[in-house]
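Good morning, and thank you for joining. I should like to take you through a few local features of the structure that will now be shown.

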Amino acid sequence: MISFGVFETFGAGLLILGFGYLLSKLRIFSVLCLPAAVLGGVFALSVLVFFSHFFELKISFDESPKESLLLAFFASLGLGIDFSKKSNFSKNFFIFLGLCTFIMVLQNLLGITIISLFDKQKELGLIAGSISLSGSFGMGAFWSEVLKTEPYNITNALDISIACATFGVLFGSVLGAPLGAFLIEKFVLKKENFRLQSKEKSHSQKELGTELGNALVLFFSKKELKNTIISALLLAFCVLCASAIKLFISLPAIIFALIFAFMLRVLCYFFGLNLAQKNLALLGNFCLALFLALALMSIDLKALLDIGLPLFVLLCLELVLMLFFVFFITFRVFGRDYEAALLSAAQCGLCLGATPIALANLEKLELRFFSSKSALAILCLSGVFFIDFINVLVIWLFLSFL
């Protein structure tokens, strides 16, 4: 057993992310539109499983850097709000939220139905439904404590929820962006919007989005060094404030990170101070990619392998349901255009894995094609502020009727 501390974990994450970037340049992975963090994380996970199985060598990583990286990413979103541009996304936001609510209901209905066929406790269907898929690890841990008690008495609820959430994160990461790319290619959306590409693609996206060399120049050039340091300090301030407030208020820290970042952005706008949006975008995307790489390489595949046949069959059917829903409902409801493809990929990551997975899927598609401020705003507002609250209500209603 080898235990990595904070610095070793961070260093391993950087190496894995760099290797994932090299893999993403191979044609097969470039066509599939898989994010570099997913490629590197899955590769590292495969290597760790190999050494664990054949050489009985297990490596554990420190979990503490992951939350700070995630908070920094959401802070970059809040600081990167552009008040000079207004997006009319209110209608699509409510539609997207409604579709996410609908898929959570379907996940639970399918879970209860399939588990009943195997003559198992119906609440297990909820664990393998929206509790662990749309809710991921956090929601699974919360409801596991409830389901351990009377009258449910599911003593291994936490182990099951972790395994189901692991399944969701893996497939939400691997399938989300390729699905979006498939929709764009199949319906020739990129050609249809090709004339808009130069207008829609932001300067930050053009300068730092696709090439590692440009990112390194932005980090280390004398011209940009001051802006990079200021951006990093602002993100660190938001992370510290969010972490401190979380000690007193039992809400996800990412909410506070967004709120503090938004308040800082408002103050800067009010006093006429310009923030380096390129640097903020680069640092935020880097933190998200590193978080995703660390999260994937830390997955416990043993828990997934021990899940049992009924739950494995159910999870496979949940995956089919998600792909069917995204392709035949979400994509068509939003008009079968470019933004519809982005939101479909985002929903696949959001309702199978978690908000960071959805954001990574969206970012990869935007890097390959072009950006959509509206899709990003819809996803952030839904995934951070509303999805978990709606999911709690949906789960509570199902438990009330079982």
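**Aromatic pairs, a helix crossing and a buried serine**

Let me begin with a single side chain. Phe51 has a relative accessibility of 35%, so this residue counts as partly exposed. Please bear in mind throughout that we are looking at a predicted model.

The neighbour in sequence, Phe50, stands at 41% relative accessibility and therefore also falls in the partly exposed class. How are the rings of Phe50 and Phe51 arranged as an aromatic pair? They are edge-to-face, with 5.7 Å from centre to centre and 85° between the planes. In total, the structure contains 14 aromatic pairs.

A second pair has another geometry. In Phe324 and Phe328, the ring centres are 4.7 Å apart and the planes meet at 40°, so this pair is classed as tilted. Both residues belong to helix α17, which covers residues 309–333. Within α17, Phe324 and Phe328 are separated by four residues, or about one turn of the helix. As for their surroundings, Phe324 has 48% relative accessibility and so counts as partly exposed. Phe328, at 43%, is likewise partly exposed, because that term covers values between 20% and 50%. Pairing extends beyond these two residues: Phe182, Phe324, Phe327 and Phe328 are linked by ring pairs into a cluster.

Let us stay with α17 and turn to its packing. Two packed helices are described by the angle between their axes and the distance between the axes. Here the partner is helix α6, residues 123–131, whose axis comes within 10 Å of the axis of α17 and crosses it at roughly 40°. The two helices, α6 and α17, are therefore oblique to each other. Which hand does the crossing of α6 and α17 have? It is right-handed.

Which residues make this contact? From α6 they are Leu124, Gly125, Ala128 and Gly129, and from α17 they are Leu311, Leu314, Leu315 and Glu318. By character, the contact of α6 with α17 consists of five nonpolar residues, two polar ones and one charged one.

My final point concerns Ser231, in helix α13, which spans residues 222–246. Is Ser231 buried or exposed? Its relative accessibility is 2%, so Ser231 counts as buried. Leaving aside residues up to four places away in sequence, Ser231 touches Ala276, Asn279, Leu280 and Leu283.

That concludes the presentation. Thank you for your attention.

Conventions:
Residues are numbered from 1 along each chain as its sequence is written. This is a predicted model: local features need pLDDT of at least 70, side-chain atom pairs count only at pLDDT 80 or more; totals for chains, interfaces and linings use all residues. Side-chain values use heavy atoms; hydrogens and water are left out. Rings of Phe, Tyr and Trp (its six-membered ring) pair if their centres lie within 6.5 Å; planes under 30 degrees apart count as stacked, over 60 as edge-to-face and the rest as tilted. Buried means under 20% relative accessible area, exposed over 50%, partly exposed in between (1.4 Å probe, protein chains only). Axes are lines fitted to C-alpha atoms, for helices over the stretch in contact, and angles run from 0 to 180 degrees between N-to-C directions. Angles under 35 degrees count as roughly parallel, over 145 as roughly antiparallel, 65 to 115 as roughly perpendicular and the rest as oblique. A crossing is left-handed if the near helix is turned anticlockwise from the far one by less than a right angle, and right-handed if clockwise. Contact means heavy atoms within 4.5 Å. Ala, Val, Leu, Ile, Met, Phe, Trp, Tyr, Cys and Pro count as nonpolar, Asp, Glu, Lys and Arg as charged, and the others, Gly among them, as polar.
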